[in-house]
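Please look over the sequence and the model below before reading on. The report that follows begins with one residue and its surroundings, and then widens to strands, cysteines and the whole chain.

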Amino acid sequence: MFAPGTAGVRGPAHEQVLLCQDRTVGLKAVVSVHSTALGPALGGTRFHAYGSSADAVLDSLNLARGMSYKNALAGLPYGGGKAVIIGDPALLKTPGLLHSYGRFVESLAGRYVTACDVGTDTADMDVVGEETDHVVGRSPAAGGVGDPSAATAYGVLQGMRACAAVRWGEPHLRGRRVGVCGLGKVGQHLVGLLTEAGATVLASDIRADAVARTQVRFPEARIVADAKALLDAEMDIYSPCALGGALDRVAVNRLRAPVVCGAANNQLGYAGAEERLVDRGIVYAPDYVVNAGGVIHVAREHSGCSASRSPDRARARGQVDPIYATTLSILTAAADSGASPSAVADDLAEKRMASPPRT
């Protein structure tokens, strides 16, 4: 257990960082617990082939911190944590590995509650759940609330509406051109929601299969060759929905859209990225504010809700709707004070973590 001062990690120190290894099944994982001030540290498990162990640790640290702030701003009784399993899931993911990982989560005795993330899904959480109760996002058949990606996408849509209200004075997306970079589970749902909302969608992904699925499901969407071409396209909103670091120096200076609002975690690729966006007059919605729909969805499972007892679609969406008001409040306060949106959001989250409600 240690409180790292790792370069590249912002904000208060983490409470705990744990390394997990089981050579018999090829498991090598990092679990970072950023804060338990508001409750157990809730956050997903990412399965990814990192360039180095140091990259994996840094990603876990940053993602865990983001979960603390996300959960606090969403008003959830949870702290923030994140796990990363190091390796290519297509090569390493097996029931044995997931069972071993589940036993590791169980050993933390509820201090950390896991869920799915990039590289993991509800079926994986079902397997993990055979070893521990400290898991959410399981399938309805296993007593869970199911995949959270639709709720995440719906929350991002609400964030976009708030951005539109600030940038153009009206909270609708009709006629807006939105570029979605990343067509995974969340990106696919977001393309559908934007199409329903009357937006024109431009989309890109490095994976040919994801592009093909989008073309079949949403033929109205215009496929752009790659992420660089998307940055150069004429659009109103740029929506990063893949892995983190999308807003690097090249992207921030090249971007033509006046609004950035997406589902990807840790979008800011370098110190000063957000300040540069502000200097360019670009409205930026902090990712951990607008992508909270998924954790709002799965948090219900931890409190005893399952798909069979979950609310209908309208009510479920109603639980995510407040993302609009939260985003609007943060963007308005940032505009009024001259501070960056992330600085405003961070301050609000830290105040909530510093003064948890009495139970």
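Threonine 152 has its place in helix H5, which covers residues 149-168. The model is a predicted one, and in it threonine 152 has a relative accessible area of 11%; because buried means under 20% relative accessible area, threonine 152 counts as buried. What is threonine 152 in contact with, once its neighbours within four places in sequence are left aside? The residues it then touches are Val186, Ala263, Val290, Asn291, Gly293 and Gly294.

A second place to look is strand S10, made of residues 237-240, where Ile237 and Ser239 point one way while Tyr238 and Pro240 point the other way, and where all of these residues are buried. Strand S10 pairs in the parallel sense with strand S7 (residues 177-181) over four bridges, and it pairs, also in the parallel sense, with strand S11 (residues 259-260) over two bridges. Within the pairing of S7 and S10, valine 180 stands opposite serine 239, whereas isoleucine 237 has valine 259 in S11 as its bridge partner. To get from S10 to S11, the chain passes through helix H9 (residues 249-254), and this β-α-β crossover is right-handed.

The cysteines deserve a separate look. A disulfide is a covalent bond between the sulfur atoms of two cysteines. How many disulfides does a search of the whole structure find? The search finds zero, and the table gives values for two of the cysteines.

| Cysteine | Closest cysteine sulfur | Sulfur distance | Relative accessible area |
|---|---|---|---|
| Cysteine 181 | in cysteine 241 | 8.1 Å | 14% |
| Cysteine 261 | in cysteine 163 | 4.4 Å | 0% |

Because a disulfide needs sulfur atoms within 2.5 Å, the 8.1 Å between the sulfurs of cysteine 181 and cysteine 241 is too far for a bond, and the 4.4 Å between those of cysteine 261 and cysteine 163 is likewise too far. Cysteine 181 is buried, and cysteine 261 counts as buried too.

Turning to the whole chain, the protein has 15 helices and twelve strands. Its radius of gyration is 19 Å, close to the 21 Å that the globule rule gives for 359 residues, so the protein is as compact as a globular protein of that length. The C-alpha trace spans about 50 × 45 × 40 Å along its principal axes. Of the 359 residues, 54% count as buried, while the protein exposes about 14,700 Å², of which carbon and sulfur atoms supply 53%. Finally, among the contacts with a separation of 6 or more, 66% are accounted for by residues 24 or more positions apart.

How values were computed: Residues are numbered from 1 along each chain as its sequence is written. This is a predicted model: local features need pLDDT of at least 70, side-chain atom pairs count only at pLDDT 80 or more; totals for chains, interfaces and linings use all residues. Side-chain values use heavy atoms; hydrogens and water are left out. Buried means under 20% relative accessible area, exposed over 50%, partly exposed in between (1.4 Å probe, protein chains only). Two strands pair if DSSP finds at least two bridges between them. A crossover is right-handed if, with the strands pointing away from the viewer, the path from the first strand over the helix to the second runs clockwise. The radius of gyration is taken over C-alpha atoms; the globule rule is 2.2 Å times the number of residues to the power 0.38. Contact means heavy atoms within 4.5 Å. Accessible areas come from the Shrake-Rupley method with a 1.4 Å probe; for residues, only the protein chains shown count as cover.
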